[in-house]
Amino acid sequence: MEENQDPLKDLSEIRSILENNTKFMSLSGLSGIFAGLVALGGAAAGYYFMQSNGLWIEGHPDYRHLNQGQLFDWVTFSLLGIAGGVFLLAMAGSYLFSRKMAQKKALPFWNRSARQMLMAMVIPIAAGGAYCAIQLWHGQYEWLASNMLIFYGLALLNASKFTISDIRYLAFLEIALGIASAVWWGHGIWFWIVGFGLLHIGYGIWIYYKYER
Amino acid sequence: MKELLSRINKVFENRVRLGVMSLLLVNEEMDFNQLKELLALTDGNLASHTATLEKAGYVTVHKAFVGRKPLTTYRVTPGGRRAFHDHLDALEALLKAGNRDKPTDPA
């Protein structure tokens, strides 16, 4: 009687090995393209906002007024709102495209590997978000772009262990951009546009043609 | 019982193919030499079995060149993943049926 239980237990062990070692393969290139477009839209919205309020000088956003001892003001809030909107929209798009891809491939969507990937991203992004918020609070907006890029790159690097390994290269590029942005001082907005906009679009197209065409 | 037996996937009724599928299910991608070493096979043996798996639509083959050396890489397909899980389900059903239908012990 005991003998017949072992093969069944072996099977469930095999199943859990499979479950524990599978990566999240429903990551769609379309998520990247969409996120990039949303980021570009957000940058455009930010630009029009700054310009219509006379805060765009000689091709650069003018943050000088922020150093007037105010903790938070409506300009900061509006820009934060745009950034938050970009983030949420990109996340929502990612979710929808991934779910559609999982359905098309008849793969389970919300499983262990999906959770692992998400958790791997959440911690660096939360840390980065908190750090950037604190920097903003201290009025050090010049560092924002490079910090956002670096923390995001680290989040991607962590997540790449649980999904398609190609994400690692995007991670390296984002980190490099973040560091370059700190070196080429004062041009944060352009590095932000390249890192969150153009790179995502390019990467999304590459991933799409590699896996989904 | 006979119906359950028919659900067992013939493609996986082979030690090499089971080994290849198992490796590809837990690794995103493997190349020819990795498979060959891990499964201790000859070139021809591995090639013929991967061809069978490819024909069944369970793996994809990608042939590239690194300089002048050929590099052939394999990935499992969603269909292959499903087929393997179905195969495990069939084995499990078979075992449970066997458990149910086993002759009673003599007192």
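**Exercise 1. Determine how many salt bridges link chain A and chain B in this predicted model, and which residues form those centred on A:R15.**

*Solution.* The count between chain A and chain B is three salt bridges. Over all chains, the count comes to eight.

Step 1. Consider A:R15 and B:D89, which form a salt bridge with their closest N and O atoms 2.7 Å apart. This pair crosses between chains, running from helix α5 (residues 78-101) of chain B, where B:D89 lies, to helix α1 (residues 5-21) of chain A, where A:R15 lies.

Step 2. Classify B:D89 by accessibility. A residue is buried under 20% relative accessible area and exposed over 50%. The value for B:D89 is 34%, so this residue counts as partly exposed.

Step 3. Turn to B:E92, with which A:R15 also forms a salt bridge; here the closest N and O atoms are 2.8 Å apart. This pair, too, crosses between chains, from helix α1 of chain A to helix α5 of chain B.

**Exercise 2. Describe the contact between chain A and chain B, and state which element supplies the largest share of the side of chain A.**

*Solution.* Step 1. In the contact, 23 residues of chain A meet 18 residues of chain B.

Step 2. The two chains bury about 1700 Å² between them, with 61% of it on carbon and sulfur atoms. Five residue pairs are in polar contact between chain A and chain B, both residues being at pLDDT 80 or more.

Step 3. On the side of chain A that touches chain B, α1 and α7 (188-212) of chain A each supply at least two residues. The largest share, nine residues, comes from α1(A). By class, this side of chain A has 12 nonpolar, six polar and five charged residues.

**Exercise 3. Follow the salt bridge from B:E29 to B:R75 and place B:R75 in its strand pairing.**

*Solution.* Step 1. B:E29 and B:R75 form a salt bridge, the closest N and O atoms being 2.9 Å apart. The partners are 46 residues apart: B:E29 is in the loop between α2 (15-26) and β1 (30-31) of chain B, and B:R75 is in strand β3 of chain B.

Step 2. B:E29 is partly exposed at 36% relative accessible area, whereas B:R75, at 16%, is buried. Shared partners join A:K23, B:E28, B:E29 and B:R75 into one network of salt bridges.

Step 3. Strand β3 (residues 69-76) of chain B pairs with strand β2 (residues 59-66) of chain B in the antiparallel sense over eight bridges. In this pairing, B:V59 stands opposite B:V76. The two strands form a hairpin with two residues between them, and B:G67 in the turn has a positive phi of about 70°.

Methods: Residues are numbered from 1 along each chain as its sequence is written. Chains are lettered from A and ligands numbered from 1 in the order in which they are written. This is a predicted model: local features need pLDDT of at least 70, side-chain atom pairs count only at pLDDT 80 or more; totals for chains, interfaces and linings use all residues. Side-chain values use heavy atoms; hydrogens and water are left out. Two strands pair if DSSP finds at least two bridges between them. Helices (H or I, at least four residues) and strands (E, at least two) are DSSP runs, numbered from the N terminus. A salt bridge is a side-chain nitrogen of Lys or Arg within 4 Å of a carboxyl oxygen of Asp or Glu. Buried means under 20% relative accessible area, exposed over 50%, partly exposed in between (1.4 Å probe, protein chains only). Contact means heavy atoms within 4.5 Å. Buried area is the accessible area (1.4 Å probe) that two parts lose on being put together, summed over both. A polar contact is a pair of N or O atoms within 3.5 Å; within protein, one must be able to donate a hydrogen and the other to accept it, and residues adjacent in sequence count only if both atoms are side-chain atoms. Ala, Val, Leu, Ile, Met, Phe, Trp, Tyr, Cys and Pro count as nonpolar, Asp, Glu, Lys and Arg as charged, and the others, Gly among them, as polar.
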